[in-house]
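Please read this report alongside the sequence and the coordinates. The topics are the fold, the pocket, the cavities and the ring contacts.

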Amino acid sequence: MWSNEKTDVALTTPLSRRQRAIRVLLATQGIFFVALAWCMLLEHGANAQTSGISFYGVNHRTVVSAVVGYVSAAVGLWRLSLIFREGGLDPLLWMGLRVIAVMLILLLVTPYNGGMFLNLAHMSVGVAGALTQLAISIVLLRRYGSLAAILGFSVQLSGGILGAFSLPDWRFQFLLYAETIFELGFGWCLLQWTKVLSSDVER
């Protein structure tokens, strides 16, 4: 009986929360980036460069992989938000992750090539999601300004700047790479948040 109680306590320690967060993050983000890499291997022409990752959600050769990647990332972010909330992290963090998770699904159901309304909805959701991601990374940078956090935010910001210059009307066609860099930076920042999850509770 005593050993069972000891096991139950061990499963709820700060370290186990951090391990669960890392497993969820690596598994779901891993699926997302593998799916993205597969899509880029299949389609990497001018349409993909101009429209970015969203192109893979409407192209018949890549739509299944895109759905798998987006849904995996959405589920992972939602599960991560539960762990972060349980660990007592900033509400802006875990609520922001839930917002991003919902927005990932909204991006799938609002194809940009489905008419003016869907295109506007898709763009609005995409911009709002990117700003939410930046806000989460900025909070990490301001409160726990480690070198790793600075590096992750710098990568994310560089992707965002490149993406801004890659808007279709600007004729600078690097949106696909810009969005990929942005998401890599955000994933790295999320990984740094798992370290905060452990250190906050252990102090």
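The sections below go from the overall fold to individual side chains.

## Overall fold

This is a predicted model, and its protein chain has eight helices and zero strands, which gives the pattern α-α-α-α-α-α-α-α when read along the sequence. Of the 203 residues in the protein chain, 42% are buried. Among the contacts with a separation of 6 or more, 67% are between residues 24 or more positions apart.

## The largest pocket

The largest pocket has a volume of about 1100 Å³ and a lining of 40 residues, among which Gly126, Val127, Ala130, Leu175 and Glu179 lie nearest its centre. At least two lining residues come from each of α2 (14-42), α3 (46-51), α4 (63-86), α5 (91-109), α6 (116-143), α7 (147-165) and α8 (175-202).

The largest share of this lining, eleven residues, is supplied by α6. By class, the lining of the largest pocket comprises 25 nonpolar, 13 polar and two charged residues.

## Two enclosed cavities

Over the whole structure, a search finds two cavities of 30 Å³ or more. The largest cavity, with a volume of about 70 Å³, is lined by Ser54, Gly57, Val58, Ala66, Tyr70, Leu107, Leu108, Pro111 and His122, and the elements giving two or more residues to this lining are α4 and α5. Six of the residues lining the largest cavity are nonpolar and three are polar, with no charged residues.

The second largest cavity holds about 60 Å³ of space, and its lining consists of Phe32, Ala35, Leu36, Cys39, Ile53, Tyr56, Ser65, Ala66, Gly69 and Tyr70; here the elements that give two or more residues are α2 and α4. The lining of the second largest cavity divides into eight nonpolar and two polar residues, again with no charged ones. Ala66 and Tyr70 appear in the linings of both cavities.

## Aromatic and charge contacts

The count of aromatic pairs comes to three. In one of the pairs, the ring centres of Phe32 and Phe33 are 5.1 Å apart and the ring planes stand at 80°, so the arrangement is edge-to-face, the class that applies to planes over 60 degrees apart. Phe32 and Phe33 are both buried, and ring pairs link these two residues with Tyr70 into a cluster. Two members of this cluster, Phe32 and Tyr70, are also found in the lining of the second largest cavity.

A contact involving a charge is found at Trp78, where the charged end of Arg98 sits over the ring, 5.0 Å from the ring centre.

Definitions and conventions:
Residues are numbered from 1 along each chain as its sequence is written. Side-chain values use heavy atoms; hydrogens and water are left out. On a 1 Å grid over the protein atoms alone, a cavity is a set of points where a 1.4 Å probe fits but cannot get out, and a pocket is an open set with protein on both sides within 12 Å along at least five of seven lines; lining residues have an atom within 4 Å of a point. Grid points are joined across faces, edges and corners, and a volume is the space filled by probe spheres set on the points. Helices (H or I, at least four residues) and strands (E, at least two) are DSSP runs, numbered from the N terminus. Ala, Val, Leu, Ile, Met, Phe, Trp, Tyr, Cys and Pro count as nonpolar, Asp, Glu, Lys and Arg as charged, and the others, Gly among them, as polar. Rings of Phe, Tyr and Trp (its six-membered ring) pair if their centres lie within 6.5 Å; planes under 30 degrees apart count as stacked, over 60 as edge-to-face and the rest as tilted. Buried means under 20% relative accessible area, exposed over 50%, partly exposed in between (1.4 Å probe, protein chains only). A charge sits over a ring if NZ of Lys or CZ of Arg is within 6 Å of the ring centre and within 35 degrees of the ring normal. Contact means heavy atoms within 4.5 Å.
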